[in-house]
Amino acid sequence: MKHLLSAADLDRDAALSILDEASRLKETLLGREVRKLPTLRGKTVLTVFYENSTRTRVSFETAGKWMSADVINVSASASSVQKGESLRDTAMTLTAVGADALIVRHPASGSALQIAGWVAPGGVGPSVINAGDGMHEHPTQALLDAMTIRERLGGIEGRRVVIVGDILHSRVARSNALLLSTLGAEVVLVAPPTLLPVGVGDWPVRASTDLDAELAGADAVMMLRVQAERMNGGFFPSAREYAVRYGLGPARASRLRENAVVLHPGPMVRGMEIGFDTADAPSSAILQQVTNGVHVRMSVLLHTLVGTEGNPE
């Protein structure tokens, strides 16, 4: 696997290979005083973020360092981008520096695919990993969500996963819809009509506007943040009305199945899409998602930079 640009790049076997390796890496490092593997020694990994991030950037950096790679952070706000340098020139410059992998987050949909075409024509050049491109996709987030669901529920196939909130602007929803469907889950998207994308009927999911009707049968519920920074105009009357109709507070959470799991890709807006207590309840796997993000991204770096043959220990 040269690049990871979309969840659509992964068939069932490829996705399970990444998840299995992530689980093995987690088990290998669990309880170790020194969490270091020599797997990527000599490799140079650059994180290139044109948008703010805490979880994704830090977990990729941690993943690279735990595998002994040289990890360098490139922030658009402190780079030549501020002087007018184009995305292509930045990507080509970082390739010329000697990058083995570019981990890219950018506000433009399709940017990761474009960069891969520039820096690795014909498959020769650094690997490109999509860490979120506009409203398009975020494949490693979907992988860590799948890993968390598998750990909590014992499997993904046949499970019903309800994804709730701002589907229209969510790259997380798109990647999860593709990946979880590939892995055999039933995916239900729930949102106000104004926050469901045009053409959602062509996705491998079922769409609904009634959260209460979907909760009883849910094995996992993933709440999404309303992305106000991507909105121009009013998509719903008020934050309070949104919370009443589409927020997961204690009353709604109490109607979930006994073993149902609550997820959120973060950052959370407590009191709006998720209740203060709900986010910290035993059913919540939000911090488990963050932990799993490191191991999933270790596995992705292993697959793209080394392959899976041999023991990375």
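Guide: A residue counts as buried when its relative accessible area is under 20%, as exposed when that area is over 50%, and as partly exposed in between, using a 1.4 Å probe and protein chains only. This is a predicted model, in which local features need pLDDT of at least 70 and side-chain atom pairs count only at pLDDT 80 or more, while totals for chains, interfaces and linings use all residues. Residues are numbered from 1 along each chain as its sequence is written, and side-chain values use heavy atoms, with hydrogens and water left out.

Visitor: How many helices and strands are there in the protein?

Guide: Helices (H or I, at least four residues) and strands (E, at least two) are DSSP runs, numbered from the N terminus. By this definition, the protein contains 11 helices and 9 strands.

Visitor: What is the radius of gyration of the protein?

Guide: The radius of gyration is taken over C-alpha atoms, and the globule rule is 2.2 Å times the number of residues to the power 0.38. For 313 residues this rule gives 20 Å, and the protein is close to it, so it is as compact as a globular protein of that length. The C-alpha atoms fill a box of roughly 55 × 45 × 35 Å along the principal axes. The radius of gyration itself is 19 Å.

Visitor: Which residues of strand 6 and strand 7 are bridge partners?

Guide: Strand 6 (residues 186-190) has 4 of its 5 residues buried, so it is largely enclosed by the rest of the structure. Two strands pair if DSSP finds at least two bridges between them. Strand 6 pairs with strand 7 (residues 206-208) in the parallel sense over 3 bridges. One bridge joins Val-188 to Arg-206.

Visitor: Which residue of strand 6 stands opposite Arg-160?

Guide: Arg-160 belongs to strand 5 (residues 160-164), which is largely enclosed by the rest of the structure because 4 of its 5 residues are buried. Strand 5 pairs with strand 6 in the parallel sense over 5 bridges. In this pairing, the residue opposite Arg-160 is Glu-186.

Visitor: Is the crossover from strand 5 to strand 6 right-handed or left-handed?

Guide: A crossover is right-handed if, with the strands pointing away from the viewer, the path from the first strand over the helix to the second runs clockwise. Between strand 5 and strand 6 the chain passes through helix 6 (residues 171-182), and this β-α-β crossover is right-handed.

Visitor: Which residue of strand 8 stands opposite Ile-163?

Guide: Strand 5 also pairs with strand 8 (residues 220-223), in the parallel sense over 4 bridges. The residue of strand 8 that stands opposite Ile-163 is Met-222.

Visitor: Which helix gives the most to the largest nonpolar core?

Guide: A nonpolar core is a set of buried Ala, Val, Leu, Ile, Met, Phe, Trp, Tyr and Cys residues joined through side-chain atoms within 4.5 Å. The largest has 83 residues, and those touching the most other members are Leu-143, Ile-163, Ile-167, Leu-179 and Met-298. A second, separate core of 17 residues includes Leu-5, Val-48, Ala-91 and Ile-115. With 8 residues in the largest core, the helix that gives the most is helix 11 (residues 286-305).

Visitor: What arc do the buried residues of helix 4 cover?

Guide: In helix 4 (residues 111-119), the buried residues are Ser-111, Ala-112, Ile-115, Ala-116 and Val-119. The arc is that of the directions from the helix axis to the C-beta atoms. These residues lie on the same side of helix 4, because their arc is only 140°.

Visitor: What is the relative accessible area of Ala-101?

Guide: Ala-101 lies in strand 3 (101-106). Contact means heavy atoms within 4.5 Å, and beyond four places in sequence Ala-101 touches Thr-44, Val-45, Leu-46, Pro-126, Ser-127 and Leu-305. Ala-101 is buried, because its relative accessible area is 0%.
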